[in-house]
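Please open the model in a viewer and keep the selection panel at hand. The stops below are given in the order in which they may be selected.

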Amino acid sequence: MDLIKKIPSSSVALTITSPPYAMDKEYESGNTLDDFVAAHEALVPELVRITKDGGSICWQVGYHVKDGIVTPLDFLVYEAFRKFPELVLRNRIIWTFGHGLHCANRFSGRHETILWFSKGDKFSFNLDDVRIPQKYPGKRANRGPRKGEYSGNPKGKNPSDVWDIPNVKSNHVEKLDHPCQFPVGLAQRMIKALTTPGDLIFDPFSGVASSGVAALVENRRYIGAELNPKYAEIAETRLKEAVAGSVKLRPDVPVYVPTAGEAVAKRPAHFAAPLTE
Ligand SMILES: C[S@@+](CC[C@H](N)C(=O)[O-])C[C@H]1O[C@@H](n2cnc3c(N)ncnc32)[C@H](O)[C@@H]1O
């Protein structure tokens, strides 16, 4: 709150963050849903103030689970944000990942959400910058006036509102000494889609600055707030590595890669070579 009050009004193009989930993690001061709501009620008016018209706020949360009771945090976040009519919800993105705890008495949780709000009616959305490979890039129309031509957009397809991006577990290339990092690729997609080079990106719960790394590698500017000095120190080192070009990143490539036999033709040259997970 001390930092955000110093940020000039209408100066931030995109706030992207994942707040504490009130789950008794080492970094949390309050651990009830009321604490979660109170923290948001204090923060959101300041976020609205610093966001420029046409800018965006992306809030990444999962579920608060206590005594077997599951509460979807995006529901509480939405309630806090919708009090501001200038904030318009544009997408509720499902972030899905393959790994996590195996539950014995309910389905294992394999997704969290990102709420994307724009400030005002006008907003930028650079779809061409975040297109992903078609599953079958060589598929051609087999009838009609476009018969024989590629049926999909040769630049790739819209990544949709369901994102399959591996979460940062112990063997992930980006893993550092923080319990709840999100992948840089998740922030990177938001930054590329919603901002332009030189824009200012803000993360009020920056952890080890995954949003900051995404901002710097995409030539944007970054401000982050982190209370825990250990995480802030790791973040500083990592941001320097991002500037130097030596930071470790998982490339934004699909988790599922069709085999040569399944794919109808060659992957377009402008997409990176597929990784096998
Ligand atoms: C879910 S983690 C965010 C992790 C981050 N997305 C990353 O990839 O590293 C939330 C972070 O918020 C920090 N935090 C908690 N309360 C805070 C506050 N009032 N101001 C700044 N940071 C805070 C915690 O120390 C923790 O690192």
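Select the ligand together with H178: an N or O atom in the side chain of H178 is 2.8 Å from an oxygen atom of the ligand. The model is a predicted one, and the distances in this tour are computed from it. Add F182 next, where a polar backbone atom lies 3.0 Å from an oxygen atom of the ligand. Then add S210, which places a polar side-chain atom 2.6 Å from a ligand oxygen atom. How many residues surround the ligand? There are 19, and the closest are H178, F182, V208, S210 and E226.

**From the ligand to α3 and α4**

Keep S210 selected, since the next stop includes this residue. Select helix α3, residues 184-194, and helix α4, residues 210-217. Their axes are 8 Å apart, and the helices pack at an angle of about 50 degrees. This angle makes α3 oblique to α4. The crossing in which α3 passes α4 is right-handed. To view the contact itself, show the side chains of V184, A187, Q188 and I191 on α3, and of S210, S211, V213, A214, A215 and V217 on α4. S210 therefore appears at two stops: among the residues closest to the ligand and in the contact between these helices. Coloured by class, the contact of α3 with α4 shows seven nonpolar residues, three polar residues and no charged ones.

**From α4 to α5**

Leave α4 displayed and add helix α5, residues 229-244. At what angle do the axes of α4 and α5 cross? They cross at roughly 15 degrees and come within 9 Å of each other. At this angle α4 counts as roughly parallel to α5, because the limit for that term is under 35 degrees. The crossing of α4 and α5 is right-handed. On the α4 side, select S210, G212, V213, L216 and V217; they meet R238, L239, A242 and V243 of α5. This contact comprises six nonpolar, two polar and one charged residues.

**The loop residue N126**

Move now to N126, in the loop between β6 (111-119) and β7 (162-164). Which residues does N126 touch, leaving aside those up to four places away in sequence? They are K192, A193, L194 and T195. Draw a distance from the side chain of N126 to the backbone oxygen of T195, and the value is 3.1 Å. For a longer distance in the model, select the C-alpha atoms of N126 and K248: these residues are 122 apart along the chain, and the atoms are separated by 25 Å.

**The α1 and α2 pair**

For the last stop, select helix α1, residues 33-50, and helix α2, residues 73-81. The two pack at an angle of about 40 degrees, with 9 Å between their axes. α1 and α2 are therefore oblique to each other. α1 passes α2 in a right-handed crossing. Display L33, F36, V37, H40, V44 and L47 of α1 with L73, L76, V77, A80 and F81 of α2, the residues that make the contact. By class, ten residues of this contact are nonpolar, one is polar and none is charged.

Key
Residues are numbered from 1 along each chain as its sequence is written. This is a predicted model: local features need pLDDT of at least 70, side-chain atom pairs count only at pLDDT 80 or more; totals for chains, interfaces and linings use all residues. Side-chain values use heavy atoms; hydrogens and water are left out. Axes are lines fitted to C-alpha atoms, for helices over the stretch in contact, and angles run from 0 to 180 degrees between N-to-C directions. Helices (H or I, at least four residues) and strands (E, at least two) are DSSP runs, numbered from the N terminus. Angles under 35 degrees count as roughly parallel, over 145 as roughly antiparallel, 65 to 115 as roughly perpendicular and the rest as oblique. A crossing is left-handed if the near helix is turned anticlockwise from the far one by less than a right angle, and right-handed if clockwise. Contact means heavy atoms within 4.5 Å. Ala, Val, Leu, Ile, Met, Phe, Trp, Tyr, Cys and Pro count as nonpolar, Asp, Glu, Lys and Arg as charged, and the others, Gly among them, as polar. A residue is near a molecule or strand if one of its heavy atoms lies within 4 Å of it. A polar contact is a pair of N or O atoms within 3.5 Å; within protein, one must be able to donate a hydrogen and the other to accept it, and residues adjacent in sequence count only if both atoms are side-chain atoms.
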